Amino acid sequence: MKAASFNRWFGRGWLAAGFVFLYLPIVALIIFSFNDSPIPNVWRGFTLKWYEALIRDEEMLSGLWLSLQIALLTACGSVVLGTLAAFALVKYKRFKGRTLFSGMVSAPLVMPEVVVGLSLLLMLVSVQRALGFPERGLFTIWLGHLLLGMAYATVVVQARLQDLNPQLEEAAMDLGAKPHQVFWLVTLPMIGQSLISAWLLTFTLSLDDVVLSAFLSGPGSTTMPLVIFSRARLGLNPSVNAIATIIVIVVAVGVVLASYLIARAERRRQQEMASATRA
């Protein structure tokens, strides 16, 4: 009995230590965003002046707006392409080139971002010399983020599709539903949670990417992580803590809201299935 109690408390202690290790730096960042001292890690009193300075920081706000645009486009595009790739891999077990296709989809997950960014840069420079398009900026950064985000979205959606009961789709087709109706009315609602998860994941990955953005950005297209990274080499301004705090709060609220909506949808689906079983 004592051994079981020790193991339980030992496990809880390690879990608590892990959470402290992960989240204590974020808590410290939020606290020091209200620090009156120009030195980021020396507390001198409470103030909101760094948030006021952030409002006047055009470079940071411009980078944030560009990052949000790219992240939004990346998340939406990654979910669409990732869903199509996942359907091809799960629904069609055998087709010519399936192994190559699967390997190419998964390649960005295991390749260093430096290699991916450099290869994309060389390709885009060659295309630009030949066609005069595209100029390095929002579009080229989005292409790089889309390549990486699609790989992550494919993994998330594919895992959900593999767990689906194919008899549900077959039953819908037996009742007269056409393939596109089966997708929109049966399959899509069942994989909706994975689509939301893939969207949030790829949005976050795009928002904080530095390596690909550094290779693919051009004059006048500096994302927020690149702005922060360039300032970090010269000494961070406490206004960076302010924008990081805002992002942390927004992301936390988004995750909590998405988790609530997913849990509510899952409960409703289980209740409908239970009602159908009783009927």
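**View 1. The lining of the largest cavity in this predicted model.** Eight names to look for here: Thr74, His145, Leu148, Gly149, Thr202, Leu205, Ser206 and Asp209 make up the wall around the space. Two helices, α6 and α9 (192-207), each chip in at least two of these residues. By class, the lining splits into 2 nonpolar, 5 polar and 1 charged. The space inside comes to about 40 Å³. Go hunting for cavities of 30 Å³ or more and the count is 1.

**View 2. Helix α4 against helix α6.** Here α4 (residues 98-110) packs on α6 (residues 138-163), with the two axes 8 Å apart and an angle of about 110° between them. Angles of 65 to 115 degrees count as roughly perpendicular, so that's the label for this pair.

**View 3. Side chains and backbone where α4 and α6 meet.** From α4 come Val105, Pro108 and Leu109; across from them in α6 sit Leu147, Leu148, Ala151, Tyr152, Thr154 and Val155. Sorted by class, this contact has 8 nonpolar residues, 1 polar one and no charged ones. Leu148 is worth a second look: this α6 residue takes part in the contact with α4, and Leu148 also lines the largest cavity.

**View 4. Stepping back to the whole chain.** It's helices from start to finish in the element list: 12 of them, with 0 strands. The radius of gyration is 23 Å, well over the 19 Å that the globule rule gives for 279 residues, so the protein is more spread out than a compact globule. Along the principal axes, the C-alpha trace spans about 70 × 70 × 35 Å.

Definitions and conventions. Residues are numbered from 1 along each chain as its sequence is written. This is a predicted model: local features need pLDDT of at least 70, side-chain atom pairs count only at pLDDT 80 or more; totals for chains, interfaces and linings use all residues. Side-chain values use heavy atoms; hydrogens and water are left out. Axes are lines fitted to C-alpha atoms, for helices over the stretch in contact, and angles run from 0 to 180 degrees between N-to-C directions. Helices (H or I, at least four residues) and strands (E, at least two) are DSSP runs, numbered from the N terminus. Angles under 35 degrees count as roughly parallel, over 145 as roughly antiparallel, 65 to 115 as roughly perpendicular and the rest as oblique. Contact means heavy atoms within 4.5 Å. Ala, Val, Leu, Ile, Met, Phe, Trp, Tyr, Cys and Pro count as nonpolar, Asp, Glu, Lys and Arg as charged, and the others, Gly among them, as polar. On a 1 Å grid over the protein atoms alone, a cavity is a set of points where a 1.4 Å probe fits but cannot get out, and a pocket is an open set with protein on both sides within 12 Å along at least five of seven lines; lining residues have an atom within 4 Å of a point. Grid points are joined across faces, edges and corners, and a volume is the space filled by probe spheres set on the points. The radius of gyration is taken over C-alpha atoms; the globule rule is 2.2 Å times the number of residues to the power 0.38.
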